[in-house]
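Colleague: Before we discuss this model, could you show it to me and then let me ask what stands behind each term you use?

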Amino acid sequence: MPQTLYDKLWDAHVVHQGPDGTCLLYIDRHLVHEVTSPQAFEGLELAGRKPWRISANLAVADHNVPTTARSEGIQDPVSRLQVDTLDKNCDTWGITEFRMNDRRQGIVHVIGPEQGATLPGMTVVCGDSHTSTHGAMGALAFGIGTSEVEHVLATQTLLMKKSRSMLVRVEGELPFGCTAKDLILYVIGRIGTAGGTGYAIEFGGSAVRALSMEGRMTVCNMAIEAGARSGMVAVDQTTIDYFRGRPYAPEGALWDQAVEYWRTLHSDPDAVFDRVVEIDAADIEPQVSWGTSPEMVAAVGARVPDPAAEADDVRRKGMERALQYMDLKAGTPLSEIAIDKVFIGSCTNARIEDLRAAAAVARGRRVASNVRLAMVVPGSGLVKEQAEQEGLDRIFLEAGFEWREPGCSMCLAMNADRLEPGERCASTSNRNFEGRQGQGGRTHLVSPAMAAAAAVAGHFVDVRTFQ
Ligand SMILES: CC(C)[C@H](C(=O)O)[C@@H](O)C(=O)O
Ligand code: SF4
């Protein structure tokens, strides 16, 4: 029987199947960060257990690390305690950790693929919803809660029921000026933030196949914003080329064996999905979110929608509330919305290609005078080094951007980087919920190039016509 990629990945990891279909699934890679692991380690110790397979774990502190003056340590006591606790737990159990001042440190979803610690065919989990990112390499990757983190530490397995399968097929060529970020924002605008609930989404079609690995990661990163715990993309030559030579990738004969297996990691031609969504790439334009949910998004040339035109009661009330929180009026052209801050970073868009795209727009220009802070936060120390070798830091600094140390930063404001109440931000991150980037802060989700263009213009602007 023809199988989907999801079927193949699932079947390859079933240890035991119960009569009601619940499966015990083997977990190949467990990524650990400081926010969701402390109680899990504590629970283990209380139960007198220990981590079962040390080498399957890779830890990094990312949410609470400062992006400036790292040599001075962490000032905030709550953040410091979380990071210290991770360090201590990793020391106790001998778990590999990239510490705050390690050059390989970075956002967990950036460093996993970068190191080849997450590979095609793996089951990948982390106590973090954006673990879906790692599905980009043809892996089954999903976020888990703290009690599941403890379960994985103790047993290297998880009890799970299989999701339904969805194919989001994007055919055609992404138009000029449109990126993976615009693609996924457009998809979420179409299917909604609950569109993928209960499904594992495979992204396919010629537009997805044409994306780089980094672009595919951007897309899968936001599968969770479409309601799906996992997003994935079939393995192809792009995938294989990406992993060759990565520190944790297999070598020699093992590499050849791995590649042979990885080449089977795609849905069979006649595989049947529970739901198929067809998207024409030609319909995609640079996107800007206007509300407090990633589905509240539109093309940059559009206007803030009018709740009065919405027939559905619940949706209308949601829109009204969002416009009130965002302090926006229906009918305002998105390109007339002025911004206070710009954040280029996060596990969605802080890889080298993202920084190159933003720098290409910033080159030779200046951040507008009404923009109080424009910051670039690389996804990892290695991304930062690469960018500096290419001179991207100079481009940003000369344009008036700040160039920071890697971490989650203003994606969710667990460190010192945040919006003040009422501030409006063009952000390359993945969530625009109320207060996400700081209490009372207003977030607009965009691509890196669109964020850089907004920084220079002082308001949103269509990057395709930006002079
Ligand atoms: C802190 C963590 C649990 C959380 C997540 O699960 O995604 C965070 O990374 C986020 O992006 O909101
Ligand atoms: S960068 Fe943002 S979305 Fe990604 S793991 Fe950190 S907080 Fe979560």
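Modeller: What follows is a set of questions about the terms applied to this structure, each answered from its values.

Modeller: This is a predicted model, in which local features need pLDDT of at least 70 and side-chain atom pairs count only at pLDDT 80 or more, whereas totals for chains, interfaces and linings use all residues. Residues are numbered from 1 along each chain as its sequence is written, and chains are lettered from A and ligands numbered from 1 in the order in which they are written.

Colleague: Why is the protein called as compact as a globular protein of its length?

Modeller: The protein has 15 helices and 19 strands, where helices (H or I, at least four residues) and strands (E, at least two) are DSSP runs numbered from the N terminus. Its radius of gyration, taken over C-alpha atoms, is 21 Å, and the globule rule (2.2 Å times the number of residues to the power 0.38) gives 23 Å for 467 residues; the two values are close, so the protein is as compact as a globular protein of that length. The C-alpha atoms fill a box of roughly 55 × 55 × 45 Å along the principal axes.

Colleague: What share of the contacts in the protein with a separation of 6 or more joins residues 24 or more positions apart?

Modeller: Taking two residues to be in contact if their C-beta atoms, placed from the backbone, lie within 7 Å, the share of those contacts that joins residues 24 or more positions apart is 76%.

Colleague: How do you know whether Cys-408 is buried or exposed?

Modeller: A residue is buried if 20 or more other C-beta atoms lie within 10 Å of its own, exposed if 12 or fewer, and partly exposed in between, with C-beta atoms placed from the backbone. Cys-408 has 31 other C-beta atoms within 10 Å, and therefore it is buried. Cys-408 is located in the loop between strand 17 (402–403) and strand 18 (424–427), and, leaving out residues up to four places away in sequence, Cys-408 touches Asp-62, His-63, Ile-107, Ser-346 and Met-414. Cys-411 lies in the loop between strand 17 and strand 18 as well, and with 29 C-beta neighbours inside 10 Å Cys-411 also counts as buried. Over the protein, 52% of the 467 residues count as buried.

Colleague: What makes Ala-249 partly exposed?

Modeller: Ala-249 has 17 other C-beta atoms within 10 Å, a count between the two cut-offs, and so it is partly exposed. Ala-249 is placed in the loop between helix 9 (237–243) and helix 10 (252–262). By contrast, Pro-286, in the loop between strand 12 (275–280) and strand 13 (287–289), has 27 other C-beta atoms within 10 Å and is therefore buried.

Colleague: Which cysteines does UniProt place under the feature "binding site"?

Modeller: The unreviewed UniProt entry places that feature at Cys-347, Cys-408 and Cys-411, given in the numbering used here with the feature name shortened, and such annotations may be inferred rather than shown by experiment. These residues are spread over 65 residues of sequence but cluster in space, with a largest C-alpha distance of 8.8 Å.

Colleague: Which residues come nearest to ligand 2?

Modeller: A residue is near a molecule or strand if its C-beta atom, placed from the backbone, lies within 6 Å of it. Of the 13 residues around ligand 2, those that come nearest are Ser-346, Cys-347, Cys-408, Cys-411 and Leu-412. The shell around ligand 2 draws at least three residues from each of domain 1 (5–160) and domain 3 (287–457), with domain bounds that come from an automatic or database domain assignment.

Colleague: What makes up the shell around ligand 2 by class?

Modeller: That shell has five nonpolar, six polar and two charged residues, where Ala, Val, Leu, Ile, Met, Phe, Trp, Tyr, Cys and Pro count as nonpolar, Asp, Glu, Lys and Arg as charged, and the others, Gly among them, as polar. The residues around ligand 1 include His-63, Asp-128 and Leu-412, and the shell around ligand 1 has two nonpolar, five polar and one charged residues.

Colleague: How many residues of domain 2 are in contact with domain 3?

Modeller: The count is 15 residues of domain 2, in contact with 17 residues of domain 3. Helix 6 gives the largest share of that side of domain 2, namely six residues.
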